[in-house]
Amino acid sequence: MVRITRRRALVDILAMSGVAVAGCARNPVTGRRELMLVSEEDEIAMGREAHPQILSAFGSYKDKPVQGFMDDMGQDIVKISHRSGMEFTFTVLDNPVVNAFAVPGGYVYFNRGIMAYFNDEAQFAGVLGHEIGHITARHSAAQISKQQLAQLGLGLGTIFSETFQRYSELLSLGASVMFLKFSRDDERQADQLGVQYSSKIGYDAMEMSRFFGTLSRLTPRESQALPEWQSTHPDPGNRTQTTARLAEKIQSEHRDRKYIRGRNDYLEMIDGLVYGDDPKNGYVEKGVFYHPDLKFQFPVPKGWRVANQPEEVRLYPDDQRVLHIFTIEPGRNPRDAAARFSTQNQIYVAQYEDISIRGLRAFKTLGEIQSQPPLAVLSHFIMLDKLVFAFHGISAPFDLDSYDTTFDRTATGFQRLTDPARINVELSRVRLRSAPRTQSLRDTLNGFDVPEERLKELAVLNGMELGDRVEPGLRIKVID
């Protein structure tokens with residue numbers, strides 16, 4: 001009898017299953033060989049495919065100095081990294097969520113939301129080095145390899161949240177790779193690389209530790225469905241203290257080097273940065289979603305989260321059992337849009353009817369996506385000013401009875417926005433003020449007429465405590 005090794009059996013299973021076998025590959029950071037089903041060419045192809053999808057979904061932040069700053073520093077880090085020959089692309093996204101992420105193939109993204117919370121160039125460099133580290137150590141490729149094995153029933157876990165697995169048919173590659181979840185070991189190694197890389201290009205990596213302290217004080221916004229830093233970058237344990245020790249060790253070994261913070265230069269660069277939601281793209285206030293440009297509004301179910309993207313709005317509850325998608329559908333009228341949608345997504349329509357919503361012509365359908373497992377879809381198509389807006393409530397068939405009323409209530413609450421106060425909403429921006437005298441941060445903010453309910457928020461934004469001593473001339477961030 002021919003003896004078959006476990007590795008040979010695994011390769012045979014992968015080959016029979018149509019999965020490309022890259023076999024073992026040497027990790028660029030550790031030098032160790034590891035099982036890798038994703039080749040470097042595959043990584044680059046994934047990133048190249050995902051990048052335009054991510055830009056389409058979230059948009060780049062239209063500020064050349066900010067974009068240029070990220071690219072310049074990113075390229076400096078790449079030169080001294082473990083994959084210096086690889087081409088990297090760096091982008092600041094026009095998204096208010098406090099997060100940064102990396103996509104296989106050399107694509108790194110910072111949301112403008114996280115930009116507001118950095119207080120110097122050194123903090124920026126540490127986190128940028130961390131994200132580059134995920135790519136140089138091939139963490140994303142390794143996680144995707146594990147997912148491929150899991151899909152073969154080999155029980156190695158998953159990298160995507162349960163919600164986004166369930167609705168994977170409706171997600172692009174770009175959206176999926178945003179939700180990669182790294183292991184604590186991956187995070188520990190990326191932290192080490194962030195300290196190492198930022199130190200090598202001359203920045204004080206102690207500031208990376210201080211920024212992790214700032215992140216630990218942030219509370220994710222209830223209305224936000226996109227992942228915050230904490231959910232995609234699990235704390236490997238004592239992250240703040242560990243990175244401080246690593247930075248201290250490097251600096252003690254290189255006492256001849258000068259490590260910079262770059263506080264004032266960084267703050268001057270982000271003076272005027274958009275903070276929070278851009279109201280022209282839609283915003284949520286007191287349980288209602290308003291869109292000033294397209295002049296519509298609809299209610300948000302109590303306790304549900306909202307992911308407002310350029311092409312659609314996604315709503316779902318904390319248990320992530322269902323998803324409600326709001327978007328614009330092509331079509332001459334609601335019936336035409338419904339026909340196009342069902343054909344494009346291979347939906348078997350079981351029920352349909354012409355309806356009226358707040359005096360607007362509408363069409364309602366109930367159908368099923370022929371997937372494994374199947375998905376129920378309750379859709380409302382509504383005509384407003386020559387556009388067809390649509391709500392798609394998606395769930396497992398057995399969950400629909402529990403959520404159809406909520407889907408209906410949201411869709412039938414859609415109406416034209418006419419309130420000038422909701423239409424003429426201005427952007428919030430980060431602005432700089434100089435401390436006038438020696439006093440506490442609390443007294444300084446009070447002198448800037450910051451409302452009491454926003455004092456803690458501003459303290460976190462500045463990476464300080466309200467009782468901290470502020471010296472005259474120190475630049476302080478406020479929200480205008």
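**Helix packing and sheets: a short walk-through**

Start with two helices: α3 passes α5 in a right-handed crossing. Keep in mind that this is a predicted model. Helix α3 covers residues 64-79, and helix α5 covers residues 121-136. Their axes lie 10 Å apart and meet at an angle of about 60°. That angle makes α3 oblique to α5.

Which residues make the contact? On α3, they are F69, M70, M73, G74, I77 and V78. On α5, they are E121, F124, A125, L128, G129 and I132. Sort them by class and you get 9 nonpolar, 2 polar and 1 charged residues.

Next, the sheets. One is an open sheet of 7 strands. Read across it and the order is β9-β10-β11-β15-β14-β13-β12. The pairing is antiparallel. Which strands stand at the edges? They are β9, residues 305-308, and β12, residues 347-357. Each has a single partner strand, so one side of each is left without a neighbour in the sheet. From one strand to the next, the twist averages 15°.

Zoom in on one pair here. Strand β13, residues 360-369, runs antiparallel to strand β14, residues 375-384. How many bridges join them? There are 8. For a concrete example, take G367: its bridge partner in β14 is V377.

Two helices lie across this sheet. Helix α14, residues 334-344, lies across β11, β12, β13, β14 and β15. It runs at about 150° to β14. Helix α15, residues 400-412, also lies across β11, β12, β13, β14 and β15. But α15 runs at about 10° to β14.

Now the other open sheet on my list. It has 4 strands, in the order β6-β7-β8-β16. Pairing is antiparallel here too. The edge strands are β6, residues 283-285, and β16, residues 415-416. Each of those pairs on one side only. Between β6 and strand β7, residues 288-291, there are 3 bridges, and the two strands run antiparallel. For E285, the bridge partner in β7 is V288.

Last topic: charge pairs. Side chains of opposite charge can pair when their charged atoms come close. How many salt bridges does the structure hold? The count is 26. One of them joins K249 to E253. The closest N and O atoms of that pair are 2.6 Å apart. Where do K249 and E253 sit? Both are in helix α12, residues 239-253. They are 4 residues apart there, so about one helical turn separates them.

Conventions:
Residues are numbered from 1 along each chain as its sequence is written. This is a predicted model: local features need pLDDT of at least 70, side-chain atom pairs count only at pLDDT 80 or more; totals for chains, interfaces and linings use all residues. Side-chain values use heavy atoms; hydrogens and water are left out. Axes are lines fitted to C-alpha atoms, for helices over the stretch in contact, and angles run from 0 to 180 degrees between N-to-C directions. Angles under 35 degrees count as roughly parallel, over 145 as roughly antiparallel, 65 to 115 as roughly perpendicular and the rest as oblique. A crossing is left-handed if the near helix is turned anticlockwise from the far one by less than a right angle, and right-handed if clockwise. Contact means heavy atoms within 4.5 Å. Ala, Val, Leu, Ile, Met, Phe, Trp, Tyr, Cys and Pro count as nonpolar, Asp, Glu, Lys and Arg as charged, and the others, Gly among them, as polar. Two strands pair if DSSP finds at least two bridges between them. A salt bridge is a side-chain nitrogen of Lys or Arg within 4 Å of a carboxyl oxygen of Asp or Glu.
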